[in-house]
Amino acid sequence: MRATTGLNRRAFETLLEKFEQVYLAEADNREKARKRKIGAGRKARLQSIKEKLLDISKNL
């Protein structure tokens with residue numbers, strides 16, 4: 001974990017908890033006029049929030 005992200009497992013899990021709270025709060029704030037119904041369109045490749053955070057932290 002440290003080689004990939006620069007964080008140990010405990011630090012990553014702590015960051016994951018905070019990231020999930022912020023991510024879900026921002027998802028609620030994205031309510032704007034939609035062109036498509038919810039669920040329509042391209043599906044995300046990174047399904048879980050843990051996968052999304054891991055991808056972000058690898059690319060820093």
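This passage walks through one helix of a predicted model, the residues it packs against, and the largest pocket.

Helix α3 is a good place to start. It covers residues 49–58, and its buried residues are I49, K52, L53 and S57. Looking down the axis of α3, these buried residues fall within an arc of 125 degrees, so they line one face of the helix. There's a general pattern behind this sort of arrangement: an α-helix has 3.6 residues a turn, so residues three or four places apart point the same way. As for what that buried face meets, the buried residues of α3 pack against two other helices, α1 (2–5) and α2 (9–29).

S57 gives a handy close-up of this packing. This serine sits in helix α3, and with a relative accessible area of 11% it counts as buried, because the cut-off for buried is under 20%. Setting aside residues up to four places away in sequence, S57 touches T5 and F12. T5 belongs to helix α1, while F12 belongs to helix α2, so to speak one partner from each helix that the buried residues of α3 pack against. The side chain of S57 also has a polar partner: one of its polar atoms lies 3.0 Å from the backbone oxygen of L54. Not everything is close by, though. S57 and N29 are 28 residues apart in sequence, and their C-alpha atoms are 23 Å apart in space.

On the α1 side, T5 is buried too, at 14% relative accessibility. Its contacts, again leaving out residues up to four places away in sequence, are L54 and S57. The side chain of T5 takes part in polar contacts as well. It reaches the backbone oxygen of M1 at 2.9 Å, and a polar atom of the T5 side chain lies 3.1 Å from the backbone nitrogen of L7.

On the α2 side, F12 has a relative accessibility of just 1%, which puts it among the buried residues. Beyond its neighbours within four places in sequence, F12 is in contact with M1, L7, K50, L53, L54 and S57. Two of the names in that list, L53 and S57, are also buried residues of α3. Further along the chain, F12 and N59 are 47 residues apart, and their C-alpha atoms are separated by 15 Å.

Away from this packing, Q47 makes a nice contrast. Q47 is found in the loop between α2 and α3, and with a relative accessible area of 58% it is exposed. Even so, the side chain of Q47 has a polar contact, reaching the backbone oxygen of A44 at 2.4 Å.

Finally, there's the largest pocket, which holds about 700 Å³ of space. Its lining is made up of 19 residues, and those nearest the centre are R30, R34, I38, G39 and A40. By residue type, the lining of this pocket divides into nine charged, seven nonpolar and three polar residues.

Note on methods: Residues are numbered from 1 along each chain as its sequence is written. This is a predicted model: local features need pLDDT of at least 70, side-chain atom pairs count only at pLDDT 80 or more; totals for chains, interfaces and linings use all residues. Side-chain values use heavy atoms; hydrogens and water are left out. Buried means under 20% relative accessible area, exposed over 50%, partly exposed in between (1.4 Å probe, protein chains only). Helices (H or I, at least four residues) and strands (E, at least two) are DSSP runs, numbered from the N terminus. The arc is that of the directions from the helix axis to the C-beta atoms. Contact means heavy atoms within 4.5 Å. On a 1 Å grid over the protein atoms alone, a cavity is a set of points where a 1.4 Å probe fits but cannot get out, and a pocket is an open set with protein on both sides within 12 Å along at least five of seven lines; lining residues have an atom within 4 Å of a point. Grid points are joined across faces, edges and corners, and a volume is the space filled by probe spheres set on the points. Ala, Val, Leu, Ile, Met, Phe, Trp, Tyr, Cys and Pro count as nonpolar, Asp, Glu, Lys and Arg as charged, and the others, Gly among them, as polar. A polar contact is a pair of N or O atoms within 3.5 Å; within protein, one must be able to donate a hydrogen and the other to accept it, and residues adjacent in sequence count only if both atoms are side-chain atoms.
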